[in-house]
Amino acid sequence: MPLSKPVRRKLHHRRQIVCEGYEREDGLWDIEARMTDKKTNTLDNPERGGFVAAGEYFHDIRMRLTLDRSLKIHQVEASMDATPFQMCPGIVAVYKRLEGTRIGSGWHRKALELTGGVQGCTHLNELLKPLTTTAIQTLWPSGDEDMVKLGAKGLLNTCHTWAQNSPAVQQYLPELYLAEPPNG
């Protein structure tokens, strides 16, 4: 069911996040995200030649995670083609700190320890969640039984459908089902 009809309004800002997952010829996987922001009004900005024109990208930020089937990150690349401040792109190399980590339980917390706050970029950190869920959706489900179990364990207790006591877990992954979930 769609949202209800809003009152009359005027668009001021559009953010788009697009994520894509690719299987590589070498057996690894590239998971890419791009975040763009556009304003409908021209904004003064001394660091961008005096202004950012209406419809011009205010932000154009990308990140690629290269990982294996066990969700271990082998390579991270980030770029910032449009930002409001000239110094923003200088932070992209920090995201190499994520190389060698493995997406799974507690990974977002670990990623923020490595790149959060003044160590990183708010917008690149915002891309980490859709990147990781895109990684899971790209690699799982597959016919590989180990991947199914790895994916399921990573999703367990992350929402009501994946609760250990849910009918979905009971039906599709009975070995992980518990009538009373942990802490429950």
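**View 1. T132, tucked into helix α2.** In this predicted model, T132 sits in helix α2. How much of T132 is accessible, and is the residue buried or exposed? The relative accessible area is 5%, so T132 is buried. Setting aside neighbours up to four places off in sequence, T132 makes contact with I103, W107 and H108. S70 is a handy second landmark here: 62 residues separate S70 and T132 along the chain, and their C-alpha atoms lie 13 Å apart.

**View 2. The whole protein chain, for orientation.** Zoom out for a moment and you can count four helices and six strands. Read from the N terminus, the order is β-β-β-β-β-β-α-α-α-α. The C-alpha trace spans about 60 × 45 × 35 Å along its principal axes. The chain has 184 residues, and 36% of them count as buried. Take the contacts between residues at least 6 apart in sequence: 47% of these join residues at least 24 apart.

**View 3. The largest nonpolar core.** Nonpolar side chains tend to be buried together in soluble globular proteins. Here the largest nonpolar core holds 36 residues. Which residues have the most contacts inside this core? They are M63, L67 and L124. Two or more core residues come from each of β2 (29–39), β5, β6 (73–82), α1 (107–115) and α2 (122–139). Helix α2 puts in the largest share, with seven residues.

**View 4. M63 and its contacts.** Now close in on M63, one of the residues with the most contacts inside the largest core. Leaving out neighbours within four places in sequence, M63 is in contact with I31, E32 and A33, with V76, E77 and A78, and with Y95, L124, L127, L128 and L131. M63 also turns up in the lining of the second largest pocket, which gets its own view below.

**View 5. L65 in strand β5.** L65 belongs to strand β5, which covers residues 57–67. With a relative accessible area of 0%, L65 is buried. What does L65 touch beyond its neighbours within four places in sequence? The list is W29, D30, I31, I73, Q75, V76, I103 and L131. For a sense of distance, look over to E25: E25 and L65 are 40 residues apart in sequence, and 16 Å apart in space from C-alpha to C-alpha.

**View 6. The second largest pocket.** This pocket offers about 220 Å³ of space. Its lining is made up of V18, C19, E20, E32, A33, R34, R62, M63, R64, E77, A78 and S79. Strands β1 (13–23), β2, β5 and β6 each give two or more residues to that lining. Sorted by class, the lining has six charged, five nonpolar and one polar residue.

**View 7. Cysteines without a disulfide.** A disulfide is a covalent bond between the sulfur atoms of two cysteines. How many disulfides does a search of the whole structure find? The search finds zero. Start with C19, whose closest cysteine sulfur is in C121, 15 Å away, so the gap is too far for a bond. For C88 the closest cysteine sulfur is again in C121, but at 6.4 Å this is also too far for a bond. The cut-off is a sulfur pair within 2.5 Å. C19 is partly exposed, with 24% relative accessible area, and C88 is partly exposed too, at 22%.

**View 8. H123, also in helix α2.** H123 is found in helix α2. Is H123 buried or exposed? H123 counts as buried because its relative accessibility is 18%, and the cut-off for buried is under 20%. Not counting residues up to four places away in sequence, H123 touches R15, M35, H59 and I61.

**View 9. L71 and its positive phi.** L71 lies in the loop between β5 and β6. Most residues other than glycine have a negative phi. L71 has a positive one, near 70 degrees. This loop residue counts as buried, with 3% relative accessibility.

**View 10. S166, a buried loop residue.** Where is S166? S166 sits in the loop between α3 (145–155) and α4 (167–172). Its relative accessibility is 5%, so S166 counts as buried. Leaving out residues up to four places away in sequence, S166 touches H160, T161 and Y177.

Notes: Residues are numbered from 1 along each chain as its sequence is written. This is a predicted model: local features need pLDDT of at least 70, side-chain atom pairs count only at pLDDT 80 or more; totals for chains, interfaces and linings use all residues. Side-chain values use heavy atoms; hydrogens and water are left out. Buried means under 20% relative accessible area, exposed over 50%, partly exposed in between (1.4 Å probe, protein chains only). Contact means heavy atoms within 4.5 Å. A nonpolar core is a set of buried Ala, Val, Leu, Ile, Met, Phe, Trp, Tyr and Cys residues joined through side-chain atoms within 4.5 Å. On a 1 Å grid over the protein atoms alone, a cavity is a set of points where a 1.4 Å probe fits but cannot get out, and a pocket is an open set with protein on both sides within 12 Å along at least five of seven lines; lining residues have an atom within 4 Å of a point. Grid points are joined across faces, edges and corners, and a volume is the space filled by probe spheres set on the points. Ala, Val, Leu, Ile, Met, Phe, Trp, Tyr, Cys and Pro count as nonpolar, Asp, Glu, Lys and Arg as charged, and the others, Gly among them, as polar.
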